[in-house]
Amino acid sequence: MELKLLADVGLLGLPNAGKSTLISAVSSARPKVADYPFTTLYPNLGVVSVGVTQSFVMADIPGLIEGAAEGAGLGIQFLRHLARTSLLLHVVDVAPMAEENEPVRAVRTIEGELEQYSEELANYPRWLVLNKIDVLPAEERAARCQEIVDALGWTGRVFQISAATGAGTQDLCFHIMQYLDEHADKSN
Ligand SMILES: Nc1nc2c(ncn2[C@@H]2O[C@H](COP(=O)(O)OP(=O)(O)OP(=O)(O)O)[C@@H](O)[C@H]2O)c(=O)[nH]1
Ligand SMILES: [Mg+2]
């Protein structure tokens with residue numbers, strides 16, 4: 001038997017994108033964070049407080065890689081934990097070490113695996129969370145992020161954050177809370 005995790009928001013992305021760093025920055029969850037792939041082996045939940053009275057639950061799952069649907073890496077089994085969320089946050093490293101993890105390609109890889117897992121989940125509301133902006137020189141940040149958005153043809157919402165320094169994370173959580181409030185009647 002498996003207890004269904006009831007998270008409002010789910011994180012997904014390649015290994016090392018910074019998913020666990022983000023949940024650590026905004027909640028009391030303290031999953032392991034490290035600079036190698038598949039640091040996270042099991043889902044983690046964190047309660048994110050926004051203001052004094054509001055909160056939502058965030059789920060961090062292991063990273064996905066190309067071929068995950070065929071079992072590569074840890075596979076896509078953990079996507080099931082995102083099945084009852086209201087919103088997905090697609091976390092992307094804007095300045096990855098490896099060229100194969102370049103942001104546009106990283107997004108497409110995850111989308112491909114999502115589609116293979118479930119068309120329904122692939123069509124969930126999903127926001128682009130461009131992470132590690134602290135790595136980019138301040139004067140290049142806006143242009144680099146815009147370049148990624150343009151190359152993807154992304155028309156949804158985009159946030160620029162540094163999970164490591166916390167920059168932009170409060171604003172992200174505020175908008176998530178607002179979104180969940182606006183869409184609350186769907187699940188109630
Ligand atoms: N400079 C910088 N480094 C970051 C940031 N966010 C995460 N990192 C680093 O990136 C590495 C990976 O972070 P994790 O949070 O473990 O990444 P993950 O997405 O949870 O990775 P998996 O669990 O393997 O899927 C760690 O060395 C983090 O310290 C950021 O905003 N800026
Ligand atoms: Mg992790």
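Contact, in every legend below, means heavy atoms within 4.5 Å. This is a predicted model, in which local features need pLDDT of at least 70, side-chain atom pairs count only at pLDDT 80 or more, and totals for chains, interfaces and linings use all residues. Residues are numbered from 1 along each chain as its sequence is written, chains are lettered from A and ligands numbered from 1 in the order in which they are written, and side-chain values use heavy atoms, with hydrogens and water left out.

**Figure 1. The protein chain has five helices and six strands.**
Helices (H or I, at least four residues) and strands (E, at least two) are DSSP runs, numbered from the N terminus. Read from the N terminus, their order is β-α-β-β-β-α-α-β-α-β-α. Along the principal axes, the C-alpha atoms fill a box of roughly 45 × 40 × 30 Å. The radius of gyration of the protein chain is 15 Å, which agrees with the value near 16 Å for a compact globule of 188 residues. That radius is taken over C-alpha atoms, and the globule rule is 2.2 Å times the number of residues to the power 0.38. Contacts between residues at least 6 apart in sequence were also sorted by separation: 65% of them join residues at least 24 apart.

**Figure 2. Surface and charge of the protein chain.**
Buried means under 20% relative accessible area, exposed over 50%, and partly exposed in between (1.4 Å probe, protein chains only). Of the 188 residues, 46% count as buried. The accessible surface of the protein chain is about 9600 Å², and carbon and sulfur atoms hold 50% of that area. Areas come from the Shrake-Rupley method with a 1.4 Å probe; for residues, only the protein chains shown count as cover. The chain carries 14 positive and 24 negative charges, and their mean positions are 5 Å apart. Lys and Arg count as positive, Asp and Glu as negative; His and the chain ends are not counted. Each charge is placed at NZ of Lys, CZ of Arg, CG of Asp or CD of Glu.

**Figure 3. Ser 20 and Thr 40 are the protein donors of the magnesium ion (ligand 2).**
The donor atoms are OG of Ser 20 and OG1 of Thr 40, and they lie 2.0 to 2.1 Å from the ion. Ser 20 sits in helix α1 (residues 19-26) and Thr 40 in the loop between α1 and β2 (44-50), so the pair ties together parts that are 20 residues apart in sequence. Ser 20 is buried, at 7% relative accessible area. Thr 40 is buried too, at 11%. Donors are N, O and S atoms within 2.8 Å of the metal (3.2 Å for Na, K and Ca); water is not among the atoms, so sites may look incomplete.

**Figure 4. Leu 14 and Asn 16 lie in the loop between β1 and α1.**
Strand β1 spans residues 9-12. Leu 14 is buried, with a relative accessible area of 10%. Beyond residues up to four places away in sequence, Leu 14 touches Lys 19, Gly 63, Leu 64, Ile 65, Val 91, Asn 101, Ala 106, Thr 109 and Ile 110. Val 47 is 33 residues from Leu 14 along the chain, and their C-alpha atoms are separated by 23 Å. Asn 16 is partly exposed, at 30% relative accessibility. Its phi is near 75 degrees, a positive value in a residue other than glycine.

**Figure 5. Phe 38 has a positive phi although it is not a glycine.**
The angle is about 60 degrees. Phe 38 lies in the loop between α1 and β2. Its relative accessibility is 25%, and it counts as partly exposed.

**Figure 6. His 90 is buried in strand β4.**
The strand covers residues 87-93. Relative accessibility of His 90 is 1%. Leaving aside neighbours within four places in sequence, the contacts of His 90 are Leu 12, Ala 106, Val 107, Ile 110, Glu 111, Arg 126, Trp 127, Leu 128 and Val 129. His 90 and Glu 111 are 21 residues apart in sequence, and their C-alpha atoms are 9.5 Å apart.

**Figure 7. Ile 148 is buried in helix α4.**
This helix runs over residues 138-152. Ile 148 has a relative accessible area of 1%. Apart from neighbours within four places in sequence, Ile 148 is in contact with Val 94, Pro 103, Val 104 and Leu 130. Asp 171 is 23 residues away along the chain, with 21 Å between its C-alpha atom and that of Ile 148.

**Figure 8. Gln 178 lies in helix α5.**
Helix α5 takes in residues 169-182. Gln 178 is partly exposed, with a relative accessible area of 35%. Gln 178 and Trp 154 are 24 residues apart in sequence; from C-alpha to C-alpha, they are 21 Å apart in space.
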